[in-house]
Amino acid sequence: CKYMAIAGQSLWGGYWADAPDSTLNYLAPPWPNNVTSSTGSGSSATIAHTTAGTNRLLVVGVTTSGAAGTNPSGVTYNSVGMTNAGTTDDGAGTGVSLWYLVAPATGAHNVVVTFSGSPSYTVGIESFTGVHQSTPVGGSTSASGTSTTPSVAVTSAAGDRVVDSLALKTTTAPTVGAGQTQ
């Protein structure tokens with residue numbers, strides 16, 4: 001299977017098929033606050049998401065398929081631009097990227113993803129509480145290739161949370177690796 005992933009050091013303790021990876025620094029174990037997802041196609045996606053709590057971080061993972069170069073050109077939450085933690089694509093129309101926003105507004109607001117074309121997409125959104133507000137995200141890394149066992153090596157410390165995301169060009173479901181939670 002062809003695969004592509006972006007990985008980081010410590011972000012949240014989960015596995016997301018169809019999105020990239022990064023690292024999160026936290027004050028206490030970051031707790032997922034709310035999860036939203038959507039699939040579709042077009043030049044943009046608008047998805048309602050609600051955040052609450054203190055020391056918040058919003059993470060948006062996006063995978064695309066279609067023409068080459070159709071990765072997101074921007075992501076906003078409540079009209080505030082989000083930071084790109086990493087983007088990679090295979091040059092043939094499959095891409096994956098991860099975006100984040102520190103201290104997003106509380107309440108129900110829209111996440112808007114703007115694409116550089118009109119791909120098919122999957123968007124996963126998760127908000128966390130208990131996240132370090134001045135340095136919430138560490139480095140990221142990525143990998144792409146052809147393998148039946150795709151992986152990305154991530155440097156992390158004990159207690160770190162890692163977000164990993166994956167875009168696949170196959171209908172075969174990935175297997176969650178040792179030490180990961182889906």
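Strands here are DSSP runs of E with at least two residues, and helices are runs of H or I with at least four; both are numbered from the N terminus. The model is predicted: local features need pLDDT of at least 70, side-chain atom pairs count only at pLDDT 80 or more, and totals for chains, interfaces and linings use all residues. Residues are numbered from 1 along each chain as its sequence is written, and side-chain values use heavy atoms, with hydrogens and water left out.

**Overall make-up**

The protein has 14 strands and zero helices. Its pattern along the sequence is therefore β-β-β-β-β-β-β-β-β-β-β-β-β-β under the DSSP definition. Of its 182 residues, 42% count as buried. Buried means under 20% relative accessible area, exposed means over 50%, and partly exposed lies in between (1.4 Å probe, protein chains only). The protein exposes about 7,800 Å², and carbon and sulfur atoms supply 48% of that area. Such areas come from the Shrake-Rupley method with a 1.4 Å probe; for residues, only the protein chains shown count as cover.

Contact means heavy atoms within 4.5 Å. Among contacts between residues at least 6 apart in sequence, 83% join residues at least 24 apart.

**Strand pairing**

Strands of a sheet pair through backbone hydrogen bonds, either parallel or antiparallel. Two strands count as paired if DSSP finds at least two bridges between them. Four such pairs follow, with one residue match for each.

| Strand pair | Sense | Bridges | Residue match |
|---|---|---|---|
| β6 and β10 | antiparallel | nine bridges | Thr-64 with Gly-95 |
| β6 and β12 | antiparallel | nine bridges | Val-60 with Ile-125 |
| β7 and β11 | antiparallel | five bridges | Gly-74 with Thr-114 |
| β7 and β8 | antiparallel | two bridges | Thr-76 with Gly-81 |

Strand β6 is mostly covered, with eight of its nine residues buried. β8 spans residues 80-81. The hairpin of β7 and β8 has two residues between the strands, and Asn-78 there takes a positive phi near 55°.

An open sheet of four strands runs in the order β5-β11-β7-β8, with antiparallel pairing. β5 and β8 stand at its edges, each with a single partner strand, so one side of each lacks a neighbour in the sheet.

**Cores**

In soluble globular proteins, nonpolar side chains tend to be buried together. A nonpolar core is a set of buried Ala, Val, Leu, Ile, Met, Phe, Trp, Tyr and Cys residues joined through side-chain atoms within 4.5 Å. The largest has 16 residues, and those with the most contacts inside it are Val-60, Met-82, Val-111, Val-113 and Val-123. The elements that give two or more residues to this core are β5, β6 (57-65), β7 (72-77), β10 (94-102), β11 (107-115) and β12 (120-131). Apart from this core lies another, of eight residues, among them Val-59, Tyr-100, Phe-128 and Val-137.

Val-111 has many partners beyond its neighbours within four places in sequence, including Ala-45, Ile-47, His-49, Leu-58, Val-60, Val-75, Tyr-77 and Ile-125.

**His-49**

His-49 lies in strand β5 (residues 44-51). At 1% relative accessibility, His-49 counts as buried. Its side chain makes a polar contact of 3.1 Å with the side chain of Ser-127. A polar contact is a pair of N or O atoms within 3.5 Å; within protein, one must be able to donate a hydrogen and the other to accept it, and residues adjacent in sequence count only if both atoms are side-chain atoms. With neighbours within four places set aside, the contacts of His-49 include Asn-34, Thr-36, Tyr-77, His-109, Val-111, Glu-126 and Ser-127.

**An aromatic pair**

The structure holds one aromatic pair. The ring centres of Phe-115 and Tyr-121 are 5.2 Å apart and the planes are at 20°, so the pair is stacked. Rings of Phe, Tyr and Trp (its six-membered ring) pair if their centres lie within 6.5 Å; planes under 30 degrees apart count as stacked, over 60 as edge-to-face and the rest as tilted. Phe-115 and Tyr-121 are both buried.

**Asn-55**

Asn-55 sits in the loop between β5 and β6. Its relative accessible area is 29%, so Asn-55 is partly exposed. The C-alpha atoms of Asn-55 and Thr-129 are separated by 5.3 Å, although the two residues are 74 residues apart along the chain.
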